[in-house]
Amino acid sequence: MSATTAAVLQIVTLVAALALTVGPLGRWLAHTYTSPRHWAVERGAYRLLRLDPDADQHWRTYLISVLGFSMASVLLLFAFGRLQQHLPLSLGFPALPSDGAWNTAVSFTTNTNWQWYSGEAATGHLFQMSGLAVQNFVSAAVGMAVAAAFARALARSGAGGRVGNFWADLVRGVVRVLLPISFVAALLLVLMGAVQNLDAPHAITTLTGQVQHVTGGPVASQEAIKELGTNGGGFYNANSSHPFENPTPLSNLLEIYLLLLISFAMAWAFGIIVRSRRQGAAIMSVMGVLWLTGVALLTWSELAGPGLAPAAAGGAMEGKETRFGEAASALFAASTTATSTGAVNSMHDSLTAPGGGVAMFNMMLGEIAPGGVGSGLYGMLMLAIVTVFLCGLMVGRTPEYLGKKIGQPEIVLVAFYVLTTPALVLAGIAIGISFEDGLAGLQESGPHGLSEALYAVTSASNNNGSAFAGLTAGTPFWNVLLGVCMLFGRFLPMVFVLALAGRFAAQQKLPESAGTLPTHRPLFVTLLSGVALVVVGLTFVPVLTLGPIVESLA
Amino acid sequence: MKDLFQLARHSVAGLLTLLLFTAVLGLGYPLAVTGIAAVSMPWRANGSLVTAEGDHTTNPSDAVGSQIIGQAADGTLFLPRPSAAGEGWDPLSSYGSNLGPDNEDLVATIKQRKAEIAQREGVDPADVPADAVTASASGLDPDISPAYAALQVPRVARANGLSEKRVRGLVADHIDGRTLGVLGEPRVNVLMLNVAVRDAARLG
């Protein structure tokens, strides 16, 4: 079988696995976020924590819960990192420096998992499994909660700005969805070869008499939630290219499947929550079309292998593993940047110029196709609102989405949402390349040097976490700058989403009329895809031209 | 002001929630997975270690390496890909080169590797496959392409007093095809192949 045929069939296998499971999981997610019943174990937790899971929170209260929980997360993780040398299983590693601990605390709380450090050389097992991996679960659950609140708000009518209960959403997301799937996936990963123990590195005498240190760690359990929760922070420096994290082509497929699963299923759940499956199907179609386009372009580019180094070598294998090859690496790269995962099974800095450009473009889209768990859905719905607004302007009618009027206050919130990450990216890159401290981190010169810095601020502002890792990011300058990008890139959009959710929940649902733009037909799918591409295109073309585009043409 | 007070209150609730989550997700979950893995899949959970005879072991002092972690070899054996992990093959420093696709140093290094390998194996530089001259992503790639293995057969056969046919047979036995016919790429596990070569040389 030719490499191209195998590449296509590999994608088909993945799509088939997703197609079979997204429906049932979507139904389960919809039930999870709308059912009035609590599980016994959940009730126990609420009693212990003295939380009222049935309080229907006003959007402002919901937001304050989100921010309060996340603030506690940043502080606890910061303290954990600064104190790790005093804790068990530290493997003798010292405290993280204060700028590094800040960066990591923000990074994992915001579902970004940008890593300035090298896991096997800086972090002990306890910090990884009880600090970082816990945030992998809960930061994912926070994103899903906000998306669920927004979907419920669209389904409500005259509810006075009430959008549901954050604590119940948080606990249910973890208990009913993330934990059970992770548990099964972790055991499957061990079966395929991922390690799972609490050992320090063992010195081994190799076949030719040299000494090699074989590392241990609770890797499989972290790997599972790292993909499922679109987090992406590797246990080891080499992330999912490390054989102990991603041992076989089959584990590779499992990991790609996991990192796409919930984001697609959330779109299906959305349709169920707003009581119109066709609406969910339309959103899912846009996600699918954009994702597959990125996969196709990246796969084509890596298999074709343009560039001086791939030409000299006879293939784009620098920074790729033999067991994955170009195709399975491209599929991973396109999927990890189209979600907010940022795990990597190849070194993105060594991707071909067009391939690296596609990865960057995927993140610049705002990670909506299918995006991070939860954040992908609300990001796509914001663009859906932009789309109905634009169409409304064309025909001169007040735009509406799912029976909710898009008036001036609503569209202002959406505009703020759409502008937040581009503003962070463009301000971030301007700051990054204006200071000596910023430029000092670049490994490459010329356009690829700009691409390294651009990739970093794009990845941080969109909460992705992958890197063109030639950039030396572990300096106070980059740690602070990227920390700020991650923090605002995560929580400012949530403010606008929840404010909008409050307005929608308060509105009465308008009946459909002859003038309503149908938002479930192929025409709308096309329009929404177009809007997504145009919004990003207009914002980022100038800087993309100076980086990956000029590289590709060189 | 009222909002700030409320934020503080919710942060405290958040902190308590987080502590409970830390116990369940940060200790209960990974330890449960560790426990189940230790009982049902001890060899995998402990890093897929193998002895010089190729047998599975969980004791690091009996092992010559992990089946799924690449290691350096010498000129008598099949050689792995270039490694950018630390000084080479260092699991305490896993990584790729991260050099860009048009990086001049990388291009020069690739050309140099190609010339060296061509000379070492006595073949035309154009016949040296891409994986032989590029550093992997992890620096710990346990595999090489079947093409790179085939290239090394004459040298390894000579060095171990084996016939080329015999060594070619060993390579064929160690080729893993694409999983399910479509996933990943065909590959040869270097450590397991070298163990087999040593075995064959010992038994004659």
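# Strand pairing, interface and buried serines in a predicted two-chain model

Strand 4 of chain B and strand 6 (residues 187-189) of chain B run antiparallel and are joined by two bridges. The model is predicted. Within this pair, B:Asp143 faces B:Asn189 of strand 6 of chain B. The two strands belong to an open sheet of three strands in chain B, with the order 4-6-5 and antiparallel pairing. Strand 4 and strand 5 (175-176) of chain B are the edge strands; each has a single partner strand, so one side of each is left without a neighbour in the sheet.

## The interface of chain B and chain A

The contact between the chains draws on 99 residues of chain B and 108 residues of chain A. About 8200 Å² is buried between chain B and chain A, and carbon and sulfur atoms give 67% of this area. B:Tyr29, B:Asn98 and B:Pro101 supply 9% of the area that chain B buries against chain A, which is more than any other three residues.

Across this interface the rule finds one salt bridge. The salt bridge links A:Arg60 to B:Asp3, with 2.6 Å between the closest N and O atoms. Polar contacts across the interface of chain B and chain A amount to 37 residue pairs, with both residues at pLDDT 80 or more.

Several elements of chain B give two or more residues to the side that touches chain A, among them helix 1 (2-40), helix 3 (104-121), helix 7 (190-203) and strand 4 (143-144). Helix 1 of chain B gives the most, with 26 residues. By class, the side of chain B that touches chain A has 53 nonpolar, 31 polar and 15 charged residues.

## A hairpin in chain A

Strand 3 (residues 202-205) of chain A pairs with strand 4 of chain A in the antiparallel sense over four bridges. In this pairing A:Thr205 stands opposite A:Val211 of strand 4 of chain A. Five residues lie between the strands of the hairpin, where A:Gly209 takes a positive phi near 85°. In a regular strand the side chains alternate between the two faces of the sheet. Strand 4 (residues 211-214) of chain A shows such alternation: A:Gln212 and A:Val214 point to one face and are buried, whereas A:Val211 and A:His213 point to the other and are not.

## Two buried serines of chain A

A:Ser221 lies in helix 8 (residues 219-228) of chain A, and its relative accessible area is 2%, so A:Ser221 counts as buried. Apart from neighbours within four places in sequence, A:Ser221 is in contact with A:Ala186 and A:Gln196, and also with B:Tyr29, B:Pro30 and B:Val33.

A:Ser335 is placed in helix 12 (residues 325-338) of chain A. With a relative accessibility of 0%, A:Ser335 is likewise buried. Leaving aside neighbours within four places in sequence, A:Ser335 is in contact with A:Ile256, A:Leu259, A:Leu260, A:Trp291 and A:Val295.

The table gives the polar atom distances of these side chains.

| Serine side chain | Partner | Distance |
|---|---|---|
| A:Ser221 | backbone oxygen of A:Pro218 | 3.4 Å |
| A:Ser335 | side chain of A:Trp291 | 3.1 Å |
| A:Ser335 | backbone oxygen of A:Leu331 | 2.8 Å |

A:Trp291 thus appears both as a polar partner of the A:Ser335 side chain and among the residues in contact with A:Ser335.

Definitions and conventions. Residues are numbered from 1 along each chain as its sequence is written. Chains are lettered from A and ligands numbered from 1 in the order in which they are written. This is a predicted model: local features need pLDDT of at least 70, side-chain atom pairs count only at pLDDT 80 or more; totals for chains, interfaces and linings use all residues. Side-chain values use heavy atoms; hydrogens and water are left out. Contact means heavy atoms within 4.5 Å. Buried area is the accessible area (1.4 Å probe) that two parts lose on being put together, summed over both. A salt bridge is a side-chain nitrogen of Lys or Arg within 4 Å of a carboxyl oxygen of Asp or Glu. A polar contact is a pair of N or O atoms within 3.5 Å; within protein, one must be able to donate a hydrogen and the other to accept it, and residues adjacent in sequence count only if both atoms are side-chain atoms. Ala, Val, Leu, Ile, Met, Phe, Trp, Tyr, Cys and Pro count as nonpolar, Asp, Glu, Lys and Arg as charged, and the others, Gly among them, as polar. Two strands pair if DSSP finds at least two bridges between them. Buried means under 20% relative accessible area, exposed over 50%, partly exposed in between (1.4 Å probe, protein chains only).
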